[in-house]
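Please look over the sequence and the fold below before reading on. The paragraphs after them are meant to be read with the structure open.

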Amino acid sequence: MTALYDVAGIGNAIVDVIAQCDDAFLEREGLTKGAMALIDPARAASLYEAMAAGIEASGGSVANTMAGIASFGGKAAYIGKVADDQLGRVFRHDMKAIGCAFTTPPLAEGPATAQSLINVTADAQRTMSTYLGACVELTSADVDPEIIEAAQISYLEGYLFDPPEARRAFAKAAALAHGAGRKIAMTLSDSFVVDRHRSALLGFVETQCDIVFANASEVCALFETTDFEEAVKALADRCEIAAVTRSEKGSVVVANGQLHEISAYPVEKVVDTTGAGDQYAAGFLYGLSQGRPLPVCGQLGSLAAAEVIDHYGPRPQVSLRALAQKNGL
């Protein structure tokens with residue numbers, strides 16, 4: 001069956017609030033620099049009041065990746081839960097505006113649409129405080145077979161490994177995708193997620209995932225080692241394609257026993273690393289869906305990551321398709 005979508009994503013639908021801060025602010029607010037912490041509605045309100053003026057934009061890791069896929073000219077679909085509130089309507093509008101299919105029914109009652117309060121320091125490190133709200137109400141019933149079976153690749157967000165209902169949604173998506181001869185990709189999302197769910201994540205990676213994305217700290221956490229090369233080999237032994245990013249050192253891609261080292265694209269000034277991994281995945285998955293060689297997929301990922309870290313916000317501000325053409329990709 002011809003694929004209707006290049007990539008379908010399942011993730012936490014979140015509206016980002018991004019502001020600049022200094023290390024003293026993080027200390028005053030008790031925030032761990034560079035980490036993501038879950039917060040309740042009261043803490044979200046107090047932290048929002050304390051933050052500097054910033055920008056608000058639809059986000060969420062896999063949603064950002066779908067935005068990148070669309071910017072490359074790919075056909076993307078998204079599955080995620082928002083509330084039937086103002087932020088939820090903004091999120092839905094934003095996804096449709098970029099050309100991404102988003103038909104998941106909104107949550108009629110219950111918590112509000114999720115928001116992530118992101119404080120960015122001068123060294124471009126982002127510290128995230130996230131109120132998950134409606135997005136954790138995603139269930140297996142929200143996984144539309146017509147979308148998953150019509151997508152070349154379905155991409156799953158590790159952050160969703162926390163709620164049990166979402167894990168059931170992942171299992172359903174994997175069964176549908178593999179039953180239709182499609183691929184399942186996953187991002188580990190965060191080393192804290194890995195620490196919380198190491199055994200379950202390993203089991204899911206080994207049995208359900210064809211493609212796995214991680215950064216250096218996440219892959220080392222998964223295998224409880226400080227040896228990067230050992231961790232990468234262990235991941236590659238458990239899936240078809242392993243793509244591991246390492247900031248300014250670029251990335252490594254391993255498949256069929258072959259390791260490809262991908263250089264990072266130079267950036268004049270790193271402004272905000274929010275969304276860098278999301279856009280790397282966008283470039284890589286877009287390239288893969290178009291049948292490009294793995295080194296080119298990695299280069300497309302690096303290019304997309306470089307574009308997003310030279311400005312505030314987790315989504316591209318220029319056409320990634322045009323940028324790739326300009327760079328001979």
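What follows goes from the whole chain to its sheets, then to the helices and a few single residues.

This is a predicted model, in which local features need pLDDT of at least 70 and side-chain atom pairs count only at pLDDT 80 or more, while totals for chains, interfaces and linings use all residues. Residues are numbered from 1 along each chain as its sequence is written, and side-chain values use heavy atoms, with hydrogens and water left out.

The protein has 12 helices and 14 strands; helices (H or I, at least four residues) and strands (E, at least two) are DSSP runs, numbered from the N terminus. Its C-alpha atoms fill a box of roughly 50 × 45 × 40 Å along the principal axes. For 329 residues a compact globule would have a radius of gyration near 20 Å, and the 18 Å of the protein agrees with this; the radius is taken over C-alpha atoms, and the globule rule is 2.2 Å times the number of residues to the power 0.38. Of the 329 residues, 57% count as buried, where buried means under 20% relative accessible area, exposed over 50%, and partly exposed in between (1.4 Å probe, protein chains only). Among contacts with a separation of 6 or more, 73% come from residues 24 or more positions apart, a contact being heavy atoms within 4.5 Å.

One open sheet is formed by 9 strands in the order β6-β5-β1-β9-β10-β11-β12-β13-β14, with mixed pairing; two strands pair if DSSP finds at least two bridges between them. Its edge strands are β6 (101-102) and β14 (258-262), each of which pairs on one side only. Within this sheet, β9 and β10 pair in the parallel sense over 5 bridges, and Ile153 has Lys183 in β10 as its bridge partner. Strand β10 is largely enclosed by the rest of the structure, because 4 of its 5 residues are buried. By contrast in direction, β12 (residues 241-245) and β13 (residues 251-255) pair in the antiparallel sense over 5 bridges, with Ala255 in β13 as the bridge partner of Ile241. Helix α9 (residues 228-236) packs on the sheet, where it touches β11 (211-215), β12 and β13, and its direction makes about 150 degrees with that of β12; axes are lines fitted to C-alpha atoms, for helices over the stretch in contact, and angles run from 0 to 180 degrees between N-to-C directions.

Another open sheet has 5 strands in the order β3-β8-β7-β2-β4, again with mixed pairing. The strands at its edges, each pairing on one side only, are β3 (36-38) and β4 (55-59), and the twist averages 25 degrees from one strand to the next. Strands β3 and β8 pair in the parallel sense over 3 bridges, and the bridge partner of Met36 is Met128 in β8. Helix α2 (residues 41-50) lies across β2, β4, β7 and β8, running at about 40 degrees to β7, whereas helix α4 (residues 86-97) lies across β2 and β4 at about 65 degrees to β4.

Which strands does helix α10 lie across? Helix α10 (residues 276-289) lies across β1 (5-10), β9 (151-157), β10 (183-187), β11, β12 and β13, running at about 160 degrees to β9. Its axis and that of helix α11 (residues 294-308) come within 7 Å and cross at roughly 145 degrees. The residues that meet there include Tyr280, Gly283 and Phe284 in α10, and Cys297, Gly298 and Ala305 in α11.

Three loop residues are worth finding in the model. Ala124, in the loop between β7 (114-120) and β8 (126-131), has a positive phi near 75 degrees although it is a residue other than glycine, and Ala124 counts as buried because its relative accessibility is 0%. Glu224, in the loop between α8 (216-222) and α9, also has a positive phi, of about 50 degrees, without being a glycine, but at 62% relative accessibility Glu224 counts as exposed. Asn12 lies in the loop between β1 and β2 (14-20) and is buried at 3% relative accessibility; leaving aside residues up to four places away in sequence, Asn12 touches residues including Gly59, Tyr78, Cys135 and Glu157.
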